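Work through these exercises with the structure open. Try each task before reading its solution.

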Amino acid sequence: MTGSGPLTTRREVGRGRGLSRHSSFRRLLGNRSQTLGTACVLIGFASVLYFQSQADPAILGNGLTTIAGLLFGCAMFLAGLAVAGDRIPANWVHGETQAPALRPQTTPKTVGELAARSLGARNPSAHFAPRKVSQRLAAVAAALGAATFVLSGGNKFTSINVTVWVASVLTFLWACWERDRKVTVFERISAGLAHLSLERWQSDRRTGTSSEGHQGGGWKQPEGIRLTPTALLVIALLVTGALILSWRVAEVPREMTSDHAEKLLDVQDVLDGQYRIFFPRNTGREAMQFYLIALMAPLAGVSYLTMKLGTVLIGFFTLPFTFLFVRTVSGTGVALLALSLEVAMRWLLQVSRVGLRFPFPPAFGAAIAYFLFNALRDRRRNDFLLLGLVIGIAQHTYTALRLVPIGVAVSLAIAYVIDRRRPGRAGHASRLLADTVLMVATAFLVFMPLARYAAEEPQMFLFRGMSRLASDQVNAVPPNAVLVFLQNIVNALLFFNWRGDAVWVNTIPGLPILDTVSGGLFVLGAAYSLYSLIRHRDVRQLHVGIYLFISLLPSTMSIAYPGENPSTVRMGAAIPIVVLLMATALHAVLTRLALWLGVGAQRRAMLAGPQVTIGSLLKHRKAKSDISIGSLLIFVFAIAVIGSIWKTNLDAYFTTYPAQHTLSSQHASRFGDVIKGFVAFGGLQDDAFILPGPYWVDWRLVAIEAGDIKWHPIIENVAAARTHDGRPGKRLYIVHPDDRTSLDQLRQWYPRSTVTVASFPETMGQPLFFTVEVPPGSVSVAR
């Protein structure tokens with residue numbers, strides 16, 4: 001054949017592949033420190049998971065074995081990371097921050113950059129002109145805030161005080177906000193509208209050009225925003241999280257408790273025109289949930305389903321804010337893992353779907369953490385203002401969030417002390433102090449209506465929180481308070497991976513809130529964080545630890561009722577921190593494997609970059625044939641870990657939790673189903689009655705399940721049934737299963753009545769109640 005080259009035999013090809021594999025194996029074992037570090041990390045990871053899987057508080061002596069095993073695993077894990085020289089990914093500005101006016105002026109090119117800029121997050125392309133606070137507008141805002149306080153008397157929102165309240169907050173934000181003076185609001189709006197036009201899209205597609213936001217130092221309208229793979233993955237995870245949060249929401253959990261009746265009565269008050277600032281029913285509640293459910297009432301009425309849809313919506317916002325928070329602390333790689341772990345987290349599912357105020361702590365906890373860490377890192381005024389705004393709004397949601405500002409204050413105080421002690425950073429400390437004052441002012445303006453109520457009714461405003469601290473007598477001092485508090489801290493720490501909450505309504509009693517793998521990752525992440533704080537003086541970990549401790553306080557401060565600690569719902573603000581620690585540990589394992597399997601030593605510097613991901617590590621490879629196998633192994637390992645966590649959490653929530661929840665509940669839905677059936681077959685709801693019984697069912701729940709929260713189905717006793725004689729329609733009486741006297745009495749009075757035993761699978765074949773259906777027009781027979 002003309003022009004043919006030398007042929008390679010199959011034997012030579014096989015020999016070449018063998019040499020390639022042999023060289024890969026030698027390369028993996030060649031760097032002893034990397035190999036030893038990887039082995040130690042994997043041994044530590046496996047040891048922690050093994051001993052975590054064997055943890056059982058019911059077995060005598062198991063606690064010491066578990067502690068010893070976890071300590072050994074953590075020691076091996078940290079030793080491996082130390083030998084290999086790995087550190088927690090950094091997305092934090094160490095040292096001097098770049099002056100805002102000196103930052104390059106470019107247009108955001110991705111959806112992530114656009115969202116970060118719109119939220120005031122750190123962005124190298126952001127350009128903000130230093131701007132003083134407008135004293136005139138600040139004075140106007142202060143006057144409007146004082147007017148809000150005056151007009152908010154009587155615990156009532158009105159159109160006037162709400163308008164003044166909102167105006168005070170917006171005016172103050174406008175007075176303090178740092179913005180680009182070179183670009184007007186109208187230019188931004190016109191740019192966005194132009195980008196949405198079909199002509200612009202077709203023109204860009206024909207030319208295939210990409211535009212820049214700046215030319216020669218001047219600003220021009222942005223031409224487009226592109227979706228990166230990271231943005232697509234985040235969107236996919238958020239959609240998955242929304243689907244999981246809303247899947248079978250009408251069925252799991254199925255039953256309400258008396259707390260739900262109290263909340264829905266408050267919602268009905270709102271619909272009836274009672275616009276309270278603070279709702280005093282049932283020892284007092286903040287107002288936000290009631291107004292949210294009232295707005296959503298057209299979807300499913302004043303019902304349990306509407307409550308759950310509202311809380312699912314609030315719980316969903318935990319996901320994006322957790323991603324943003326973790327990315328601020330440790331970069332995109334850790335943030336993606338955190339979001340992957342959180343979308344199917346049983347803890348988040350349980351607090352979000354029960355229909356009460358419980359998702360507010362994780363959602364607002366994540367938002368506060370995001371803006372706090374942004375403020376600590378970038379020292380931009382806008383982050384402080386947004387932080388104050390979120391803190392102020394959080395005070396209108398749930399009592400547990402009243403303690404979060406303490407953690408914020410401690411972290412800012414530490415940052416101030418560090419700035420004061422560093423040479424040449426006195427100006428930074430002064431700016432931090434000034435921005436903190438603005439943050440506090442913003443939060444207080446948002447808090448203003450509640451401040452008026454607290455001034456008028458301090459005992460009611462403080463009662464719920466103080467009753468946990470000092471019993472129902474607010475001024476009482478519990479004995480041995482310090483010892484109880486310390487024991488509460490221990491129990492709260494054991495809550496994650498040893499012994500969980502005992503309240504059946506909110507969780508699976510006694511089961512740790514984290515599954516085996518998640519619990520192991522949390523232990524490793526906490527150890528890694530503490531190690532980084534001590535060994536590398538990583539100030540991020542100090543702030544993370546402070547925020548975690550403060551998040552536990554709403555539960556650990558239950559000194560008067562230590563049996564309520566640990567609390568799944570009161571510790572909800574810790575969810576973002578727990579997810580951060582879990583993702584940090586998993587990222588360390590995956591990154592160690594990626595580096596060891598051939599990504600290359602020169603890529604280790606990428607770990608300190610703000611956009612590091614496992615995918616970005618694997619894209620830069622030396623030998624395609626070698627790394628493809630490593631990439632596949634790492635991908636399979638990550639999917640196996642995350643998939644096992646998903647499966648365990650989803651099985652526990654959608655199988656185990658509803659079974660035990662239904663067994664322990666009042667089964668009010670069953671009462672409601674019977675009454676609905678009675679109405680469907682020609683009866684009137686007003687002709688259905690419930691006889692009282694001990695430790696039975698809350699008749700308000702029955703009214704809600706029957707579709708009318710204002711309905712009053714309970715009667716005083718069986719004798720009251722005779723007052724219904726002669727009614728033209730048929731009547732229905734529901735009798736307690738142990739109240740044989742009332743049942744026999746009804747049979748004697750109405751011999752033509754039909755008696756039915758109502759038993760259901762969740763009652764184990766035992767009767768839940770008896771129904772007595774009396775024919776139309778029946779009159780009792782005197783005997």
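**Exercise 1. Classify Leu-232 as buried, partly exposed or exposed.**

Solution. Leu-232 has 44% relative accessibility, so it counts as partly exposed. Keep in mind that the model is predicted. Next, place the residue: Leu-232 sits in helix H9, which covers residues 229-246. Then look at its surroundings. Leu-232 belongs to a nonpolar surface patch with Leu-227, Ile-235, Val-239 and Leu-243. Together these five residues offer about 460 Å² of accessible area.

**Exercise 2. Find the salt-bridge partner of Asp-86 and state what the pair ties together.**

Solution. Start with the general idea: side chains of opposite charge can pair when their charged atoms come close. The partner of Asp-86 is Arg-592, with 2.5 Å between the closest N and O atoms. Asp-86 is in the loop between helix H3 (62-84) and helix H4 (111-118), while Arg-592 is in helix H24 (residues 575-599), so the bridge ties together parts 506 residues apart in sequence. Now check burial; the cut-off is under 20% relative accessible area. Asp-86 has 6%, so it is buried. Arg-592 has 1%, so it is buried too. The structure holds 29 salt bridges.

**Exercise 3. Which residue does Arg-700 meet in a salt bridge? Trace the network around the pair.**

Solution. Arg-700 meets Glu-262, at 3.0 Å from N to O. This pair links distant parts of the chain: Arg-700 lies in helix H28 (residues 699-706) and Glu-262 in helix H10 (residues 258-271), 438 residues apart. Glu-262 has a relative accessible area of 14%, so it counts as buried. Now follow the shared partners. Glu-262 and Arg-700 join Asp-266, Asp-269, Arg-276, Arg-281 and Asp-698 in one salt-bridge network.

**Exercise 4. How many residues of strand E6 are buried, and on which faces?**

Solution. Count along residues 731-735: five of the five are buried. Then sort by face. In a regular strand the side chains alternate between the two faces of the sheet. Arg-731, Tyr-733 and Val-735 are on one side of E6, Leu-732 and Ile-734 on the other. Both faces are covered.

**Exercise 5. Identify how E6 pairs with strands E5 and E8.**

Solution. Take E5 (residues 688-690): its pairing with E6 is parallel, over three bridges. One bridge joins Ile-690 to Ile-734 of E6. Take E8 (residues 767-774): its pairing with E6 is antiparallel, over five bridges. Here Tyr-733 partners Val-772 of E8. Last, add the helix: E5, H28 and E6 form a β-α-β unit, and its hand is left.

Note on methods:
Residues numbered from 1 in each chain as written. Predicted model: local features only at pLDDT ≥ 70, side-chain atom pairs only at ≥ 80, totals over all residues. Heavy atoms only, no water. Patch = residues over 30% accessible without salt bridge, like charges linked within 9 Å, V, L, I, M, F, W, Y side chains within 5 Å. Areas by Shrake-Rupley, 256 points an atom, 1.4 Å probe, with all protein chains shown as cover. Salt bridge = Lys/Arg side-chain N within 4 Å of Asp/Glu carboxyl O. Helix = DSSP H or I, 4+ residues; strand = E, 2+ residues; numbered from the N terminus. Buried < 20%, exposed > 50% of the residue type's maximum accessible area, 1.4 Å probe, protein only. Pairing = 2+ DSSP bridges. Right-handed = clockwise from strand over helix to strand, strands pointing away.
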